[in-house]
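Colleague: Could you pick one part of this model and take me through it slowly, residue by residue where that helps? I'd then like to hear how the rest is put together around it.

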Amino acid sequence: MARSDLLLSIVRAGATGDRAALRSSVEAAVAEERSKNHHTLADRLQRALNAVAVTPPAASTSTAQTGKDTILETEPRQRLEDLILPLPVAQQVRQLIEEQHRADLLRAHGMQPRHRILLSGPPGNGKTSVAEGIAEALAVQFFTVRYDALVGSFLGETNTRLARLFDYARTVPCVLFFDEFDSIGKERGDSHETGEIKRVVSFLLMQIDQLPSYVVTVAATNHAELLDRAVWRRFQLRLALPKPTREALAAFLDRQFDTWPEPAGIEAKTLAGKLGSISFAEALEFCQTVRRQHILSLANRALKDILREQVELWATRVAPENTDATRSGKTSSSAEQSKGRSSTSVGRRRGTSKTV
Ligand SMILES: Nc1ncnc2c1ncn2[C@@H]1O[C@H](COP(=O)(O)OP(=O)(O)OP(=O)(O)O)[C@@H](O)[C@H]1O
Ligand SMILES: [Mg+2]
């Protein structure tokens, strides 16, 4: 491990009271110093380590533990290479990863790597996947904030929990993921709660500002237009993940076809045209349905026949745009839909319970 990384892990282990991590980091430092014939320093480090008590004091872990309750920790699996991203998005994500990987060089010049990203776009086009992919590329933990555990029933409690969450997050390099970020800070109908909510939001933004650059904060929203300027300002990278173009969808389908045991019997681009304007998640669901049906047929039916049948069924499915059009008597674009959406969280399709 590089000397700077070792120093960092020692400090972090000390700050969190993680004795096991502290011991292994210091032992690595001792070994490194010995390999350089710095025996006096190695001996002093060893003696300092021997003086560390075996059991940590209860108080030092309790804060971190409580912070842990408001975070879902997962091992990132999604790889960025497996995603089909608009060119500017792919380019900027690559830049961020390089800045993080070569942070030592930037810091030597008094600069920090970028570490605050806002992802926006309609459901199912890769917001969560990109956040996870960044964690995978950086080989760090993926922390998803759990709003349900964060929101306290008593005034003031939410800020205390938020403070603990951030205390915990800053103990390790990680990606800290805030999903449905627009649900935070949206004022509720109850006017007496408004002041309290404003305090929570400004506290949250302040905490995000103060995070060290080895914590990569990723916020995702389906409704970027609902975020206020104070929120936008925080994010150094603002990336749009729109629905795929026909070409992007065809590229995605091509990759799916490659994993199939039989030819699809149709050009990916033609299929993309037949599926229409859909998200990557829907395209994936379509492809998986074809595969499921093929598996269940025990290879008695050709995959291309099953695919043709599924395309016909696909045309009959109920889509959100259809139901909106039926209600309003016309076909509305998604931009019109979002403009017409109520400014309170009541009646929103998702995340109504997550408003802080
Ligand atoms: N750009 C993409 N390229 C390839 N596959 C994608 C892409 N976007 C989404 N997918 C597929 O769709 C699945 C769902 O996507 P994801 O959960 O990242 O969407 P999301 O934007 O976070 O949606 P939501 O707003 O509903 O949270 C992913 O697991 C992945 O398999
Ligand atoms: Mg998501």
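Modeller: Happy to! Let's start at Phe-143, which stands opposite Leu-176 in S4. Please keep in mind throughout that this is a predicted model. The pair sits where strand S3 (residues 141–145) is joined to strand S4 (residues 174–178) by 4 bridges, with the two strands running parallel. Now step across S4 to its other partner: Leu-176 has Thr-217 as its bridge partner in S5. Here too the pairing is parallel, with 5 bridges between S4 and S5.

One more step takes us from S5 to S2, again a parallel pairing over 5 bridges. Along that seam, Leu-119 is the residue facing Ala-220 in S5.

With those steps in hand, we can look at the whole sheet. It is open and has 6 strands, in the order S1-S3-S4-S5-S2-S6, and the pairing is mixed. Strand S1 (71–74) and strand S6 (237–240) are the edge strands, each pairing on one side only. From one strand to the next, the twist averages 20°.

S5 deserves a closer look. What is its burial like? 7 of its 7 residues are buried, so the strand is mostly covered. In a regular strand, side chains alternate between the two faces of the sheet. You can follow the two directions in S5: Val-215, Thr-217, Ala-219 and Thr-221 point one way, while Val-216, Val-218 and Ala-220 point the other way, and all of them are buried. Thr-217 and Ala-220, the two we met as partners of Leu-176 and Leu-119, thus point to opposite sides of S5.

A helix also belongs in this picture. Helix H7 (residues 127–138) lies across strand S2 (116–120), S3, S4 and strand S5 (215–221), and it runs at about 170° to S5.

If you follow the chain out of S4, you come to a loop that leads to helix H10 (191–210), and Glu-180 is in that loop. Its backbone is worth a glance: Glu-180 has a positive phi of about 45° although it is not a glycine. Is this residue buried or exposed? Neither, quite: Glu-180 has 19 C-beta neighbours inside 10 Å and therefore counts as partly exposed, since buried would need 20 or more.

There is a counterpart to look at in another loop. Asn-37, in the loop between H2 and helix H3 (39–50), is also not a glycine and has a positive phi of about 65°. Asn-37 counts as exposed because it has 8 C-beta neighbours inside 10 Å.

Since that brings us to H2, let's see how it packs. The axes of helix H1 (residues 3–16) and helix H2 (residues 19–35) come within 8 Å and cross at roughly 150°, so the two helices are roughly antiparallel to each other. H1 passes H2 in a left-handed crossing. On the H1 side, the residues that meet H2 are Leu-6, Ser-9, Ile-10, Ala-13 and Gly-14, and their counterparts in H2 are Ala-21, Leu-22, Ser-25, Val-26, Ala-28, Ala-29 and Glu-32. By class, this contact has 8 nonpolar, 3 polar and 1 charged residues.

A second helix pair sits later in the sequence. The axes of helix H12 (residues 246–258) and helix H13 (residues 268–275) also come within 8 Å, but they cross at roughly 120°, which makes H12 oblique to H13. H12 passes H13 in a right-handed crossing. The contact brings together Arg-246, Leu-249, Ala-250, Leu-253, Asp-254 and Phe-257 from H12 with Ala-268, Lys-269, Leu-271, Ala-272, Gly-273 and Leu-275 from H13. Its residues come to 8 nonpolar, 1 polar and 3 charged.

Leu-249 makes a good viewpoint on that contact. This H12 residue is buried because 25 other C-beta atoms lie within 10 Å. Leaving aside neighbours within four places in sequence, Leu-249 is in contact with Pro-244, Ala-272, Leu-275 and Ala-283. The C-alpha atoms of Leu-249 and Gly-276 are 9.5 Å apart, although 27 residues separate the two along the chain.

Finally, let's zoom out. The protein has 17 helices and 6 strands, and 27% of its 356 residues count as buried. Of the contacts with a separation of 6 or more, 73% are between residues 24 or more positions apart.

Notes:
Residues are numbered from 1 along each chain as its sequence is written. Chains are lettered from A and ligands numbered from 1 in the order in which they are written. This is a predicted model: local features need pLDDT of at least 70, side-chain atom pairs count only at pLDDT 80 or more; totals for chains, interfaces and linings use all residues. Axes are lines fitted to C-alpha atoms, for helices over the stretch in contact, and angles run from 0 to 180 degrees between N-to-C directions. Angles under 35 degrees count as roughly parallel, over 145 as roughly antiparallel, 65 to 115 as roughly perpendicular and the rest as oblique. A crossing is left-handed if the near helix is turned anticlockwise from the far one by less than a right angle, and right-handed if clockwise. Two residues are in contact if their C-beta atoms, placed from the backbone, lie within 7 Å. Ala, Val, Leu, Ile, Met, Phe, Trp, Tyr, Cys and Pro count as nonpolar, Asp, Glu, Lys and Arg as charged, and the others, Gly among them, as polar. Two strands pair if DSSP finds at least two bridges between them. A residue is buried if 20 or more other C-beta atoms lie within 10 Å of its own, exposed if 12 or fewer, and partly exposed in between; C-beta atoms are placed from the backbone.
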